[in-house]
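Ready to practise reading a protein model? Grab a pencil and work through the exercises below.

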Amino acid sequence: MNTALTIAGSDSGGGAGIQADLKTMLAHHVFGMSAVTALTAQNTTGVTGIMEVTPDFLQKQLDAVFTDIYPDAVKIGMVSGSDLIRVIAERLRFYEARNIVVDPVMVATSGARLISEDAIATLKEELIPLATVITPNIPEAEVLSGQSIRNEEDMVTVGRAIRETYGVAVLMKGGHSVNDANDLLIDDKGEKWFHATRIDTENTHGTGCTLSSAIASNLAQGRSLSDSIARAKEYLTGALAAGLDLGKGSGPMDHGYLIAEPDYSLLYV
């Protein structure tokens with residue numbers, strides 16, 4: 001079985017973060033491991049508390065994983081502190097990690113910044129250059145580039161600028177009133193659009209975490225970046241369309257929609 005490591009925060013509501021990542025990896029038949037950057041108290045209606053781990057403890061988690069079950073791919077989600085980002089970057093270089101997917105979580109759907117300017121600078125300098133691919137949404141791409149994005153042409157222009165600046169593949173996610181569910185990949189092969197049907201649902205908590213983890217899972221299985229993205233988007237669309245409706249706010253998707261119900265009938269023969 002192929003393996004993947006998620007480095008991200010814990011979501012007590014189960015819809016995003018480490019929980020969404022591990023569910024996604026399991027759905028792709030990949031053995032998932034985790035290094036937790038922070039504990040959060042949250043549910044479908046919002047976050048009520050965050051407690052970061054120490055840099056020393058984060059390093060211990062990373063060492064424990066890499067020295068025992070070496071991951072075929074690594075997904076990195078929200079990391080809010082500069083010291084934590086530096087630890088991650090140093091350990092990834094030390095262990096020569098491969099297939100690194102960075103979801104640069106910096107801006108909430110509301111537009112609010114989730115990490116400090118100092119942490120953003122460290123993310124740009126230390127972590128993003130190590131990535132195989134980064135998966136910013138429109139507001140995050142604007143932060144990385146310092147440019148505004150209003151349409152598809154802007155997505156191409158900014159995507160090219162980010163790739164040139166950081167030297168990594170860029171999957172810019174649409175939405176945010178720009179391009180619905182269509183995403184743009186810019187890598188050493190050029191530019192490619194990935195189209196998907198927009199699912200009419202309010203239960204979209206954890207979509208970014210899920211997409212990046214699905215990409216990492218496919219990379220772990222030896223697929224190309226383009227194929228990994230196509231498969232990940234197909235999985236995400238299915239999970240959203242499955243119609244899971246939990247909680248009082250923006251609920252989670254059904255990460256296990258492809259997993260068949262177990263047949264216990266033989267137990268009662």
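Here are three short exercises on this predicted model, each with a worked solution.

**Exercise 1.** Work out whether the chain's radius of gyration agrees with that of a compact globule.

*Solution.*
- Step 1: Start with the length, which is 269 residues.
- Step 2: A compact globule with that many residues would have a radius of gyration near 18 Å.
- Step 3: Compare that with the chain: its value is 18 Å, so the two agree.
- Step 4: For a feel of the dimensions, the C-alpha atoms fill a box of roughly 65 × 40 × 40 Å along the principal axes. Inside the chain, buried residues make up 51% of the 269.

**Exercise 2.** Decide whether Ser 213 is buried or exposed, then find its partners.

*Solution.*
- Step 1: Find Ser 213 in helix H7, which covers residues 207–220.
- Step 2: Its relative accessible area is 0%. Buried means under 20%, so Ser 213 counts as buried.
- Step 3: Leaving out residues up to four places away in sequence, Ser 213 touches Asp 21, Thr 24, Met 25 and Lys 75.
- Step 4: Now look at the side chains: a polar contact of 2.5 Å joins Ser 213 to Asp 21.

**Exercise 3.** Classify Phe 31 by its accessible area and say which surface patch it helps form.

*Solution.*
- Step 1: Phe 31 sits in strand S2, residues 31–43.
- Step 2: Its relative accessible area is 40%. That lies between the 20% and 50% cut-offs, so Phe 31 is partly exposed.
- Step 3: Together with Met 1 and Ile 69, Phe 31 forms a nonpolar surface patch. The three share about 330 Å² of accessible area.

Terms used: Residues are numbered from 1 along each chain as its sequence is written. This is a predicted model: local features need pLDDT of at least 70, side-chain atom pairs count only at pLDDT 80 or more; totals for chains, interfaces and linings use all residues. Side-chain values use heavy atoms; hydrogens and water are left out. Patches are made of residues with over 30% relative accessible area and no salt bridge: like charges are joined within 9 Å, nonpolar side chains (Val, Leu, Ile, Met, Phe, Trp, Tyr) within 5 Å. Accessible areas come from the Shrake-Rupley method with a 1.4 Å probe; for residues, only the protein chains shown count as cover. A salt bridge is a side-chain nitrogen of Lys or Arg within 4 Å of a carboxyl oxygen of Asp or Glu. Helices (H or I, at least four residues) and strands (E, at least two) are DSSP runs, numbered from the N terminus. Buried means under 20% relative accessible area, exposed over 50%, partly exposed in between (1.4 Å probe, protein chains only). The radius of gyration is taken over C-alpha atoms; the globule rule is 2.2 Å times the number of residues to the power 0.38. A polar contact is a pair of N or O atoms within 3.5 Å; within protein, one must be able to donate a hydrogen and the other to accept it, and residues adjacent in sequence count only if both atoms are side-chain atoms. Contact means heavy atoms within 4.5 Å.
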